[in-house]
Amino acid sequence: MNNMQQAGIEKKSFELNYNGGTIWCEHLDGMGSWEESVISKFSKDIDNFSKPSVSSYMIINLDKTDITEGIVEVIISTFLDGKKSFRKIAFVGVGRRWQKQFNIIKKRGIIINYLSDYEKAKEWLF
């Protein structure tokens, strides 16, 4: 594991005050091909972003992370099976191949967009 991937694993996800609202920022970026670490980090964060007091607006940043079927499956099942309702999710760094799979989340009434820029994702949410 190189230093950049290690930094990605250690990057904390958090709630951000932005433009009069709040956004949950799920940082799964910069983790390269470390699928188990991505899934583990996301799974640990589920309890935090599923709390009723946490924003229903979310950015899932997967930039510079190799997306796999396993990662997609965990993220999709979290939103399809979860009790919390989300309004909007901005995915950052997700190529067309994976966008089609993530679109199934729309069945829960969640508005989804795919962007290549983290700042534009924040703007799109608010």
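Start by selecting residues 69–81: this is helix α3, whose 13 residues reach 18 Å from first C-alpha to last, close to the 18 Å expected at 1.5 Å a residue. Keep in mind as you go that this is a predicted model.

Now show the side chains of Ile71, Val72, Ile75, Ile76, Thr78 and Phe79, the buried residues of α3. Why do they sit on the same side of α3? Because they cover an arc of only 155 degrees around the axis. An α-helix has 3.6 residues a turn, so residues three or four places apart point the same way. Turn to the other side of α3 and you will find Glu73 and Asp81, both exposed.

What do the buried residues of α3 pack against? Add α2 (35–49), β3 (57–61), β4 (88–92) and α4 (96–102) to your selection to see these partners.

Next, pick out β3, where 5 of 5 residues are buried. Tyr57, Ile59 and Asn61 point one way from the strand, while Met58 and Ile60 point the other way. In a regular strand the side chains alternate between the two faces of the sheet.

Stay with β3 and look at its neighbours. Select β2 (residues 21–27), which runs parallel to β3 and is joined to it by 4 bridges. Here cysteine 25 stands opposite isoleucine 59. Following the chain from β2 through α2 to β3 traces a right-handed β-α-β crossover.

Finally, move to β4, which is parallel to β3 and joined to it by 5 bridges. Its alanine 90 is the bridge partner of isoleucine 59. The path from β3 to β4 passes through α3, and this β-α-β crossover is right-handed, which brings you back to the helix where the tour began.

Technical notes: Residues numbered from 1 in each chain as written. Predicted model: local features only at pLDDT ≥ 70, side-chain atom pairs only at ≥ 80, totals over all residues. Heavy atoms only, no water. Helix = DSSP H or I, 4+ residues; strand = E, 2+ residues; numbered from the N terminus. Expected span 1.5 Å × (residues − 1). Buried < 20%, exposed > 50% of the residue type's maximum accessible area, 1.4 Å probe, protein only. Arc of directions from axis to C-beta. Contact = heavy atoms within 4.5 Å. Pairing = 2+ DSSP bridges. Right-handed = clockwise from strand over helix to strand, strands pointing away.
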